[in-house]
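Trainee: I'd like to learn how to read a structure like this one. Can we go through it together, feature by feature?
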Amino acid sequence: MNTTTKIYIAGHRGMVGSAVWRALEKKGYTNLVGKTSADLDLRNQQSVLNFFQNEKPEVVIDAAAKVGGILANNDYPYQFLMENMQIQNNLIDTALKSGIEKFIFLGSSCIYPKFATQPLKEEYLLTDSLEPTNEWYAIAKITGVKACQAIRKQFNKDYVSLMPTNLYGTHDNFDLKSSHVLPAMLRKFHEAKLNNTPVALWGSGTPMREFLFVDDMAEAVVYALENKLPEYLYNVGSGKDITIKELAETIQKAVGHQGEIIWDATKPDGTPRKLMDVSKMKEMGWQYSTELKEGIEKTYAWFLENINSVKEVKM
Ligand SMILES: NC(=O)c1ccc[n+]([C@@H]2O[C@H](COP(=O)([O-])OP(=O)(O)OC[C@H]3O[C@@H](n4cnc5c(N)ncnc54)[C@H](OP(=O)(O)O)[C@@H]3O)[C@@H](O)[C@H]2O)c1
């Protein structure tokens, strides 16, 4: 690896892919390649093959996926299973057949069993049943992890999987129909501030969640790129969790909303706690640097600057 190595970032316009692109540029990497889904549909095997033959990337970072919250996962199980498998299978298999030595696959903490002991360790993978609402997405991701692991085992190539915790930051999806909890709250508090109204939130506020600023995630990807990690799977997170109530209060303060927060306890809370054990990545030499308050302030500043163009996701 050097700064002229040709690195293909699949999903380079997404929240994670764009952060990885920025992080690599900042470190002086000059030979980055990216294609939008309109220019290269990664579900199409022949298009992916043609792209690899023409561009000849030397390293691949797979940050392309069909991503969404509980509602989207619940309504479109087939797309979440099949499209994610198509995207990653085409990328992984074509990379292998093109002789690519280094591949970074991004999964998600939902690959771990629903009732696994907390904090979630890498070795809990496939030890029990998944959370049913997003098992389609999780199973697709598990097959990606396993494909990369098989390549390591059989071909001795550096294909590694990183499992991020809940990510947030610039270029996030703020569409209330499909967004994750943090950007959805940020938008709700912003709109309530403008309208001078209270904010109504789902559940009791007691579940605990972990969050990582996307630029920290990008640093972890760069770390995995520049170092040969000895195992096939690494969790990436802050290793710290907070209650949803604390999250709401932190966002409320960052946004400057003055009104009341109404918790609708008749709505489901979801799993009581979800925290990753990030000690493996820490032992390797990487750890997060952006605290939640700072990350939320940066995200809100970006949201305000880009309010007219924030993503509206169509399924
Ligand atoms: N966000 C999180 O909290 C989180 C947490 C854990 C793991 N992750 C993982 O991180 C990765 C990136 O997530 P993200 O949040 O950055 O998602 P995102 O913002 O939705 O970006 C996804 C990217 O995938 C591309 N893509 C989707 N379908 C495609 C297709 N058929 N052909 C080509 N490109 C396609 C999109 O390209 P276009 O923009 O060109 O359409 C987009 O740039 C995913 O693997 C996800 O599972 C995310």
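Trainee: Let's start with the shell around the ligand. How many nonpolar, polar and charged residues does the shell have?

Mentor: Keep in mind that we're looking at a predicted model. Sorting a shell by class is a handy opening step. Here the shell around the ligand holds 13 nonpolar, 9 polar and 5 charged residues.

Trainee: Which of the 27 residues around the ligand come nearest?

Mentor: Those would be Met15, Val16, Ser37, Tyr137 and Lys141.

Trainee: And which helices and strands each supply at least two residues of the shell?

Mentor: Look at helix H1 (15-26), helix H5 (135-155) and strand E6 (166-168); each of them gives the shell at least two residues.

Trainee: What about polar contacts? Where should I look for an oxygen atom of the ligand next to a polar backbone atom?

Mentor: Check backbone and side chain separately. On the backbone side, a polar atom of Val16 sits 2.7 Å from a ligand oxygen, and a backbone N or O atom of Leu106 is 3.4 Å from an oxygen of the ligand. For a side chain, go to Tyr137: one of its side-chain N or O atoms is 2.3 Å from a ligand oxygen. As for cover, the ligand on its own has 900 Å² of accessible area, and the protein covers 86% of that.

Trainee: Now the backbone. What do most phi values and peptide bonds look like?

Mentor: Most residues other than glycine have a negative phi, and most peptide bonds are trans. With that in mind, hunt for the exceptions. The peptide bond from Gln118 to Pro119 is cis, with omega near -5°. You'll find Pro119 in the loop between strand E4 (102-106) and H5.

Trainee: Which residue in the loop between H5 and strand E5 (158-164) should I check for phi?

Mentor: Try Asn156, which sits in that loop. Its phi is positive, about 55°, although Asn156 is not a glycine.

Trainee: Is Asn156 buried or exposed?

Mentor: The cut-off for exposed is over 50% relative accessible area. Asn156 has 61%, so it counts as exposed.

Trainee: Where does His171 lie?

Mentor: His171 is in the loop between E6 and helix H6 (181-195). Its phi is near 65°, again a positive value in a residue other than glycine. With a relative accessible area of 27%, His171 is partly exposed.

Trainee: Last one: which feature does UniProt place at residues 7-237?

Mentor: The UniProt record, an unreviewed entry, lists "domain: NAD-dependent epimerase/dehydratase" there. Over residues 7-237 the chain is 43% helix and 17% strand, and the end C-alpha atoms are 24 Å apart.

Note on methods
Residues are numbered from 1 along each chain as its sequence is written. This is a predicted model: local features need pLDDT of at least 70, side-chain atom pairs count only at pLDDT 80 or more; totals for chains, interfaces and linings use all residues. Side-chain values use heavy atoms; hydrogens and water are left out. A residue is near a molecule or strand if one of its heavy atoms lies within 4 Å of it. A polar contact is a pair of N or O atoms within 3.5 Å; within protein, one must be able to donate a hydrogen and the other to accept it, and residues adjacent in sequence count only if both atoms are side-chain atoms. Accessible areas come from the Shrake-Rupley method with a 1.4 Å probe; for residues, only the protein chains shown count as cover. Helices (H or I, at least four residues) and strands (E, at least two) are DSSP runs, numbered from the N terminus. Ala, Val, Leu, Ile, Met, Phe, Trp, Tyr, Cys and Pro count as nonpolar, Asp, Glu, Lys and Arg as charged, and the others, Gly among them, as polar. Buried means under 20% relative accessible area, exposed over 50%, partly exposed in between (1.4 Å probe, protein chains only). UniProt positions are given in the numbering used here, feature names are shortened, and annotations may be inferred rather than shown by experiment.
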